[in-house]
Every structure is written in structure tokens, then in C-alpha cells.
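Colleague: Thanks for making time for this. Could we go through the model together, one question after another?

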Amino acid sequence: MELKYRALEGMHDILPEQSLLWQYVESRWREHCRRYGYGEIRTPILESAELFERSVGETSDIVSKEMYVLQRGEERYALKPEGTAPVVRAYLEHGLYSGGGVQKLYYITPFFRGERPQKGRYRQAHQFGAEIFGAASPLADAELLCMVMDFFMSLGLPADALELRLNTIGCPECRPAYREAVRNFGSENFNRLCKNCQARLERNPLRILDCKECFEITASAPPIDPYLCDDCRAHFEGLQSLLKALEVAYVRDHRLVRGLDYYTRTTFEVVASQGLGAQNALCGGGRYDGLVEDLGGPPTPALGVGIGVERTLLVLQALHAPVPTPPPLDVFVVAFGDAARPVALQIAQQLRRAALATDLDLEGRSPKAQMRLANRNGARFAVLLGEMELAQGIATVKDLHTHEQHAVSQRELSSWIKTRL
RNA sequence: GGGAUCGUAGCUCAGUCGGUUAGAGCGCCUGACUGUGGCUCAGGAGGUCGUGGGUUCGAGUCCCAUCGGUCCCCCCA
């Protein structure tokens, strides 16, 4: 069969079998966030394109070459390419800062980036996100990292399959000096850098640090530590001692500078050793203390994380983590003869209202075919209705495990079955 | 945006140096007491071999283009 229409490149349908997995990790995420005091936020898929240009950065790859932009009249909209900016926008729009104190928001959202798809990278992907507003203390960073690592653990991912990478990139006060130091380093080694990085040296010199091609050269690049201002140093040291106290394992990664413009101080990633191929970052995030103000709000320290749902699923499968199996049907109602079909539907409705997972044939199939369906769907009981049962107001209930059959009054069907499930 | 690789039934794949009606397994449908499943057996449906050109007496097999999938670079979840 030639397909006239198919899903767009890099976009995928999620079929029932996979949906089960999605629902599982989603419910885990929701429960997890609840335990940590988060409330859910849902923001539109479409936002003003400018929101992302201002926050993620016009020169970032995400905005400059991957964002889906729609033009309608004078307005320019963008399919959200990441989750944080819309949440910050909503935080401001609804004055969530006005209550004072800390706001914790979590979300589950699709996002869109027009990249060439590969393993773990799609044009529509999904993200579990969590953002904390109004907390400047490293306590917040530590709690967020705990929450993330605990989340992966709760999915049955062994600690040795994951690695938390941590860094600080300073703040607008101390980063310029470090930026200059890296730029100088780059200039001294200009001819050895790849073309990409030679260009980066002007706009965003820190990005040469996480270039894979220039990995060997930048190994000797200056670390940020001596350049950190007192506050940034204290923050980072505070975070590290908290992580030690909490027994959260991490590795310091001097190169972790990340590609979104809004980050300050803490940056982190969790990478997986198996299942992901080249795109091995399961999640990424950090602090963005300047973003709320940049978008027109009051100065508000903030931080957050985005977890790739597809990537999480890939790792779960690669590591054979325990996942739910399709729930079996409780009951399949079988009609012998056309006269019994309407009754079969009535009885199915009665059972469904009693919270029993019930199905029946809708095609007018033979009794044998109906029994096959019952079996294939994993039903525990078959409720058989024929002339004899109709005449007596009963049903024959067959236990598909033991093959035993009982005559049960139609009125008492659901309670009879429930006590035997 | 650049590159590699693949594209035969719903799924997983076979198809020999180009040769006649394109196969298997799984799945699906029907039947083997005209009111009863799982196993077994017997039948059956389902493919313009991604698409379009070309070479040839003849193309699923060779060539070109095109469209998709997968993976890699880039970048990131």
C-alpha cells in the first residue's frame, strides 16, 4: 500500500504499546514532582518568536537555525524549542512572584527543533521540566539535582549507568574576565582550532570548550575557578559540599558551558553510558538568575532542568529496566447468536460501570472467534450469553485460567466476578 | 546544512551469475461437534518489490534521479 500521507520527518506517532511506557514515566514524573512540592504548569505550544530570541539567544543554534517560526500577518510565532522561556513568561504574566517566596513549577511538554533526526534526537521531542523561582541559595541547586537523580533511580536506572556532570559558568560580574581568558587562549591556539571554533571565538568563546573536535586542544584551556567572584565561588562550593553531604555523586566538568544564553553559575547534565548513541545527554539544566529580569520582571534567581523523555525511554529499554506490561482485560462478553448481542452489550456496560475492564465483539463474529478474541486479549473471564442464559436471566461465566464454568445471575455478575479476580 | 547506509506482504526477513506464476516465519481470517479460547492440523486473504526514468529480448536484481527510514557530524533533551 502506497502511503499518501506520513508523519513528518523526525516526528513520531506513539502507538498503544509505547503509550503504556509513556504513561508510566509521566506518572512517575508527576508523582516525583508532587513529593518535591511542585505544581504543574501547562503553557501553549506557540509563543511569540521574540520570547525565545530574547531568552535562548539570537545567536544560539536553537534559535538561529532550528526554531520553527510561523508568520501570520505581522505576528511571528515559534513552536516552543525548549521549555523554560514559556514558563518564565507565564511566571511574569500571572505575577507568580508577587506572593513572595519560592515557586516550584513542573511540566511535561513537546518541543520542536528543525534538526536532522538521529538516535535520541527528533524534530518533535518531549521534555519533563522543573523550574524553581526565587531561590538563590545553593540549597535549591542541590535539591534540584537530588530530585533529578532520584527520579532516574525511581525508574530503576542503576547509578553506575548515569553520570552527573557539574560546572559553574559564573555570573555577568565575573564571567567577562574568564571569557577573555578563554578568548586569549583560543587566539594563542587559533590555527589549531576548527573553523567553527575560530568563528566562535568572536561571538561566544566559551563554546570552544565543549567542541568535540577541539577537545584535545582545549584540554589545557584555563579553568574558570580562579576567575569566579566571591559570590559565585561561595555558591559553587556550597553546592558541592551539599552534594557530598547528600551523597549525590558527580564529576566536575570544566567544559560544560551549554548552548543557551540564559545560564548563569550552575550548569549540569546527566549522561547515560548505554542506550543513547551519540546523543547521550539524558537531561540538562542550570541556573538562570538573570532571565526573569531580562524578560521584564523583577530580579529573581531561578534554575531548572529539562529531561528528554524519548532519551529516558531509550535508556530504560537499553538497560532492561522493569516496565509495565499491558493490563489484561477482566472480562470478555461472548454472544451466541444474534439475539444475544444486544444483551451482551448491556451486560458489558453493566460490568464497565462496575469498573471491570470489559470488551466484546463488535463485528458479529462466530462464537469461536469471540472466544479467540477473549483469549488473545488476555481476559480472565468470559461471560457467555446464549438462548438458554437469556431465557433464565443468567450468564455462564468461564474462568479462562481454570476452564471452570458457573451459572451466575445477570444481576450479580459484577460482584461475582470481582470477588474472584 | 554535510555525510554514511538501507528501502521486497501488517511485522521480521529470504530472493543464487538479471530469466518465466515474487517466497518463508510471525500475525490476521476461515474450518476440523451448526453454543466455547490457548496446542495441533488444513485452507485462505494480503505485495504495481519506496517512486520515476534508463540499460536490456527480459529488472526485485544493473545505472541515474527522487522520496523516505536509520545512524553520524553539527547542535542539544
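Colleague: Which residue in β13 is the bridge partner of Phe332?

Modeller: Happy to start there, and please keep in mind that this is a predicted model. Phe332 falls in β12, which spans residues 331-335 and pairs with β13 in the parallel sense over 3 bridges. Looking across to β13, the bridge partner of Phe332 is Asp359.

Colleague: Which strands are the edge strands of the sheet that holds β12 and β13?

Modeller: That open sheet has 5 strands with mixed pairing, in the order β13-β12-β14-β15-β16. An edge strand here pairs on one side only, and that leaves us with β13 (358-360) and β16 (405-409).

Colleague: At about what angle does α13 run to β12?

Modeller: Two helices are worth a look here. Helix α12 (residues 340-353) lies across β12, β13 and β14, at about 165 degrees to β13. α13 lies across β12, β14 and β15 (394-399), and its angle to β12 is about 175 degrees.

Colleague: Now the other sheet, please. Which residue in β11 is the bridge partner of Ile132?

Modeller: This open sheet has 8 strands, and its order β1-β5-β6-β11-β10-β9-β7-β8 puts β6 beside β11. β6 (residues 124-133) and β11 (residues 302-308) are antiparallel and share 7 bridges. Within β11, Ile132 has as its bridge partner Leu303.

Colleague: How far apart are the centres of domain 1 and domain 2?

Modeller: Chain A splits into domain 1, made of 16-174 and 228-318, and domain 2, which covers 331-418. Taken over C-alpha atoms, the separation of their centres is 50 Å.

Colleague: Which element gives the largest share of the surface near RNA strand B?

Modeller: Several elements supply at least two residues each, including α3 (61-66), β6, α7 (195-203) and α14 (387-392). The largest share is 6 residues, and it comes from α13.

Colleague: How many residues of that surface near RNA strand B are charged?

Modeller: There are 53 residues around RNA strand B, and Arg121, Arg200, Arg207, Arg258 and His403 come nearest. The surface has 15 nonpolar and 15 polar residues, and the charged ones number 23.

Colleague: Last one: which residue has a polar backbone atom 3.0 Å from a base oxygen of RNA strand B?

Modeller: Let's sort the contacts by the part of the RNA they reach. A backbone N or O atom of Lys119 is 3.2 Å from a phosphate oxygen, and a polar side-chain atom of Gln127 is 3.4 Å from a sugar or linking oxygen. For the base oxygen, the residue at 3.0 Å is Met388.

Key. Residues numbered from 1 in each chain as written. Chains lettered and ligands numbered in written order. Predicted model: local features only at pLDDT ≥ 70, side-chain atom pairs only at ≥ 80, totals over all residues. Heavy atoms only, no water. Pairing = 2+ DSSP bridges. Helix = DSSP H or I, 4+ residues; strand = E, 2+ residues; numbered from the N terminus. Near = heavy atom within 4 Å. Polar contact = N/O pair within 3.5 Å; in protein donor to acceptor, adjacent residues only side chain to side chain. Nonpolar A, V, L, I, M, F, W, Y, C, P; charged D, E, K, R; others polar. Domains from an automatic or database assignment. Contact = heavy atoms within 4.5 Å. Axes fitted to C-alpha atoms, helices over the stretch in contact; angles between N-to-C directions.
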